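Subject: Structure for you to look at

Hello,

Here is the structure I said I would pass on. Please open it next to this email and find each residue as you read.

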Amino acid sequence: MSANDYYSQKPLPDPSNTPYTGYYTGQQGPSSSYSSTPAPPSTHYTTPASSQHRLSHQDTGYHGHSPVSPDEMAYNHPPDGIPLQDHAQRPPAKDAEMQDHVYDASQKKKSRKGRVRFGELGMMGSGRKKIPFIVYFFTLVQVGVFIGEIVKNAQETGSPIMIKPSFNPMIGPSHYVLINMGARFVPCMHNIKGVQDAAEPIRWPCPSSKSLDSNLAENQCTLSQLCGFGGVAEPAYKPGTPLDTKPEPNQWFRFIIPIFMHAGIIHLGFNMLLQLTLGRDMEKSIGSIRFFLVYVSAGIFGFVMGGNFAATGIASTGASGSLFGVIALTLLDLLYSWRDRVNPVKDLAFIILDVVISFVLGLLPGLDNFSHIGGFLMGLALGICLLHSPNSLRRRIGDDVPYANSQVSGGSLAQGTPPSFLKNPIGFFKGRKPLWWAWWLIRAGALVLVLVVFILLLNNFYVYRTTCGWCKYLSCLPVNNWCDIGNLQLGNN
């Protein structure tokens with residue numbers, strides 16, 4: 001029966017006694033077709049919007065030969081005015097031939113599998129149209145900082161990029177300018193073996209250095225002048241001096257500032273390309289707060305790991321660690337929405353290829369691959385903590401609400417969602433299913449694990465200074481002494 005007959009309380013005529021020569025479906029269209037032969041009645045469920053639209057217009061459709069007038073069928077409602085109901089509340093048609101294939105074709109439900117195409121995020125709620133403020137703001141800051149690096153290098157050396165004593169292949173400032181502006185440089189952060197207990201004072205290159213001649217004034221700076229930011233405590237330069245001697249260099253902010261610095265135009269271009277595509281989509285999917293936490297935490301964790309295991313003479317900069325954290329979120333998104341994707345194996349192969357290429361490039365001399373590894377690990381851990389549960393699990397526990405939904409955040413009873421933890425801590429945990437508790441235990445375990453590892457790395461960096469003999473091969477290849485590049489080479493000259 002049609003939607004109009006469903007709500008009409010008048011009995012319909014017996015179809016066996018009355019020939020059917022065309023029936024008004026109630027669906028508005030450009031015209032109604034006419035057939036001289038009887039046609040089976042079409043079953044059509046209208047939405048509330050279409051029902052209201054029909055009530056506000058005249059009936060212009062062709063009704064054929066029917067003993068019941070269209071006005072009575074469509075508009076003659078009883079005085080109590082039964083409201084039009086949503087089509088989702090009515091039983092679906094079981095006979096496929098009884099469906100109106102002309103008007104209902106666009107309303108057929110799509111299967112869950114195969115909705116997410118290649119390159120798309122698949123988490124529930126990932127299609128939100130929100131402005132990625134964090135990505136745009138960080139991009140502006142990073143571009144502005146790089147312009148400052150170019151200006152600083154031009155002031156110090158007379159050239160916007162490093163061309164002497166060697167050319168910077170990234171097309172950017174000299175390493176000494178980067179150190180002076182905040183790159184992660186371990187001698188500026190704590191005492192170094194071989195520096196603290198050196199037999200005589202060490203002369204360091206100045207930010208204006210353009211030569212390798214140690215007798216020139218541009219190579220006669222102190223460590224404090226090289227580090228900048230108000231200087232650091234000068235090492236003792238005395239044999240037998242323990243590494244825990246105070247005061248010592250302690251520019252801890254060099255774990256944070258390098259996130260916004262880059263070694264050259266090529267370095268900046270690749271990172272910003274990834275940030276303005278993958279990073280933008282991820283922030284729109286999970287919200288600015290979650291994205292900010294993962295981005296900054298992954299960057300800091302990467303530089304902390306590099307400070308423990310990378311060569312001590314490397315001036316490390318870049319948002320690569322943060323972006324590897326975003327790549328880790330993309331991998332989790334793929335795993336969380338595996339059954340909803342058109343070709344999940346293809347998506348996984350693409351992500352693995354991207355990660356492998358990036359890690360292999362990090363094995364080149366002078367690069368800090370530990371920042372990449374650390375950022376990726378932090379992204380995985382925080383992703384488990386901050387992202388919503390996998391799609392299949394959310395369907396099982398009845399948690400299909402999208403990210404950053406204002407009604408969900410406040411606890412919408414109309415949608416059947418629990419109240420937020422801040423508004424009702426007790427109600428937040430009421431009625432939860434065992435699977436929900438199990439997944440939250442996994443989340444808590446991931447958070448505790450990554451915090452413990454972070455504290456241990458900081459403690460090792462500042463207190464124990466224990467190095468790993470084989471770890472260096474994660475950031476270099478044992479070819480042509482590549483693993484020695486980046487270590488401080490100290491001598492009389």
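Below are notes on the nonpolar cores and then on the disulfides.

Please keep in mind that this is a predicted model.

Cores

The largest nonpolar core has 59 residues. Within this core, the residues that touch the most other members are Trp204, Leu223, Tyr237, Phe255, Phe291 and Tyr295. Helix α8, which covers residues 288–309, gives the most to the core, with 10 residues. A second core, separate from this one, has eight residues, including Phe324, Ile327, Leu334 and Phe376.

Phe255 is worth selecting on your screen. Leaving out residues up to four places away in sequence, Phe255 touches Arg184, Met189, Gly299, Ile300, Phe303, Val304, Leu458, Phe461 and Tyr462.

Disulfides

How many disulfides does a search of the whole structure find? There are four. If you count the bonded cysteines along the chain, the pattern of pairs is 1-4, 2-3, 5-6, 7-8. Three of the pairs are described here in turn.

Cys188 and Cys227 are bonded, with 1.9 Å between their sulfur atoms. The torsion about this S-S bond is about -85°, so the disulfide is left-handed. Cys188 sits in the loop between α5 (175–181) and α6 (223–227), while Cys227 is in helix α6, so the pair ties together parts that are 39 residues apart in sequence. Cys188 and Cys227 are both buried.

Cys206 is joined to Cys221, with an S to S distance of 1.8 Å. Cys206 and Cys221 both lie in the loop between α5 and α6, 15 residues apart. Is the link of Cys206 and Cys221 left-handed or right-handed? The torsion about its S-S bond is about 105°, so this disulfide is right-handed.

Are these two cysteines, Cys206 and Cys221, buried or exposed? A residue counts as buried when its relative accessible area is under 20%. Cys206 has 6%, so it is buried. Cys221 has 10%, so Cys221 is buried too.

The third pair on my list is Cys476 and Cys483, with an S to S distance of 2.0 Å. The link has 100° about the S-S bond and is right-handed. Cys476 and Cys483 are both buried.

One further cysteine can be noted. Cys385 has a relative accessibility of 14%, so it counts as buried.

Regards

Notes:
Residues are numbered from 1 along each chain as its sequence is written. This is a predicted model: local features need pLDDT of at least 70, side-chain atom pairs count only at pLDDT 80 or more; totals for chains, interfaces and linings use all residues. Side-chain values use heavy atoms; hydrogens and water are left out. A nonpolar core is a set of buried Ala, Val, Leu, Ile, Met, Phe, Trp, Tyr and Cys residues joined through side-chain atoms within 4.5 Å. Buried means under 20% relative accessible area, exposed over 50%, partly exposed in between (1.4 Å probe, protein chains only). Helices (H or I, at least four residues) and strands (E, at least two) are DSSP runs, numbered from the N terminus. Contact means heavy atoms within 4.5 Å. A disulfide is a pair of cysteine sulfur atoms within 2.5 Å.
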